[in-house]
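This briefing gathers a few local features, grouped by topic, to be read alongside the sequence and the coordinates.

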Amino acid sequence: MPDCPVHPPLLAWYASHARDLPWRRRDASAWHVLVSEMMLQQTPVARVLPVYDAWVARWPTPGALAGDRPGEAVRRWGRLGYPRRALRLHEAAKVIDTLHGGEVPRDPFALRSLPGVGDYTAAAVLAFAYRRRVAVLDTNVRRVLGRVQRGVALPPPTVTTMERSFAEESLPDDPEAAAVWSVAVMELGALVCTARAPACPRCPVASSCAWRAAGRPRPLDPRTKAQAYAGSDRQCRGRILQAVRDADAPLTEPTLAVTWEDTAQRHRALASLLADGLVVQVGDGLFDLP
C-alpha cells in the first residue's frame, strides 16, 4: 500500500516524536529486542528501562543467560511482575544457545517455538530486529488501526482474521519502511491515541481517522474490571517471592509467615510458586530460588 494517505504524516511524526529507547537503537541485537518484548508484556516502559539495562549488561547474549541459574533470572527480574516471564526467557536462552548457535532465529516457526514467544513477540522480533515486512499487532497497534481504518473505539479481546488482514494490507511495501511504520503506529498508540484519553488534536492522522469522523463513538462491548490487587493471591505470591529473592540464604516456612497474615492464603500462594518453578524446596522446610 505505497500510496496510503496515512503513511507520510505518521512516519514524519514518528521521526520527530519517537522516544529514544535502547532496544530501538541500531546497535540493539535481536536478543535485546526479544528481552525487551518479553519485559514489556503488560508492563510500562518506565518500569522496564532500569531492569532491561541491568539485564543486558549482565547477560548481553543468550548464552550468557543460559549459563546462569534460572533463580538469578528471577532475582534480576525484580518487581516487574509476572515473574514466570523470567523463567521463560531463561528457557528460551537455553534453546537459542543449544539449538540455534546462540543466535535468535530468523525463521518464524523457530521463533514461535521458543518458550514464552507467541505470535506477537515473534512478529516484533522479525520486524524490529530483522526488518521483515510482518504485521506487529500489540494492543496499541490494534487500537490505532481499529480507530483509523474501521472506526471502532477499542479492538476485540483477541486478534481477528480481519484485523490481521487490514494490518498486513496497511504495511508499506518496502520491508525497512514497514518495520518503521509498525513501531510508529505502536508509538502513536502509546503517546497520543491512548485508550482512555486520546489526544486527537495532536494526532498526525486525525484527518484520515474513521473513528474521529464518526464522532468518536463509545465501545460496543463493556470491558470487565481488573481484579483488585490488594489482598489478592497475586499480591501474596509477590510478597513471598520478594522475601525469597531478597534473602541471602534459603528461608524457612515460619520465616515466610511474616510476609502474609492469612495462613491458608499464604500456603496456597507458596504452593503455586512451587508449582510454577519460581521457588524450589531445597531441604526440610527450606525454600529458595531455582
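Aspartate 288 is buried and yet has no salt bridge, the nearest side chain of opposite charge being that of arginine 69, 4.6 Å away. The model is a predicted one, and the points below take up the surroundings of aspartate 288, one helix pair and two residues with positive phi.

**The buried aspartate**
- Aspartate 288 belongs to strand 3, which covers residues 286-288.
- When neighbours within four places in sequence are left aside, the residues in contact with aspartate 288 are Val244, Pro250, Val279, Val280 and Val282.
- The separation of 4.6 Å from arginine 69 does not count as a salt bridge, because that term requires a side-chain nitrogen of Lys or Arg within 4 Å of a carboxyl oxygen of Asp or Glu.

**Packing of helix 2 with helix 8**
- Helix 2 (residues 30-40) packs with helix 8 (residues 119-128) at an angle of about 145°, and their axes lie 9 Å apart.
- Helix 2 contributes Val33, Leu34 and Glu37 to the contact, while helix 8 contributes Tyr120, Thr121, Ala124, Val125 and Phe128.
- Sorted by class, this contact of helix 2 with helix 8 comprises six nonpolar, one polar and one charged residues.

**Positive phi outside glycine**
- Most residues other than glycine have a negative phi.
- Glutamine 42, in the loop between helix 2 and helix 3 (45-58), has a positive phi near 60°, and it counts as exposed because its relative accessibility is 65%.
- Tyrosine 82, in the loop between helix 5 (70-77) and helix 6 (84-99), has a positive phi near 45°, and with a relative accessibility of 33% it counts as partly exposed.

Methods: Residues are numbered from 1 along each chain as its sequence is written. This is a predicted model: local features need pLDDT of at least 70, side-chain atom pairs count only at pLDDT 80 or more; totals for chains, interfaces and linings use all residues. Side-chain values use heavy atoms; hydrogens and water are left out. Helices (H or I, at least four residues) and strands (E, at least two) are DSSP runs, numbered from the N terminus. Buried means under 20% relative accessible area, exposed over 50%, partly exposed in between (1.4 Å probe, protein chains only). Lys and Arg count as positive and Asp and Glu as negative; His and the chain ends are not counted. Contact means heavy atoms within 4.5 Å. Axes are lines fitted to C-alpha atoms, for helices over the stretch in contact, and angles run from 0 to 180 degrees between N-to-C directions. Ala, Val, Leu, Ile, Met, Phe, Trp, Tyr, Cys and Pro count as nonpolar, Asp, Glu, Lys and Arg as charged, and the others, Gly among them, as polar.
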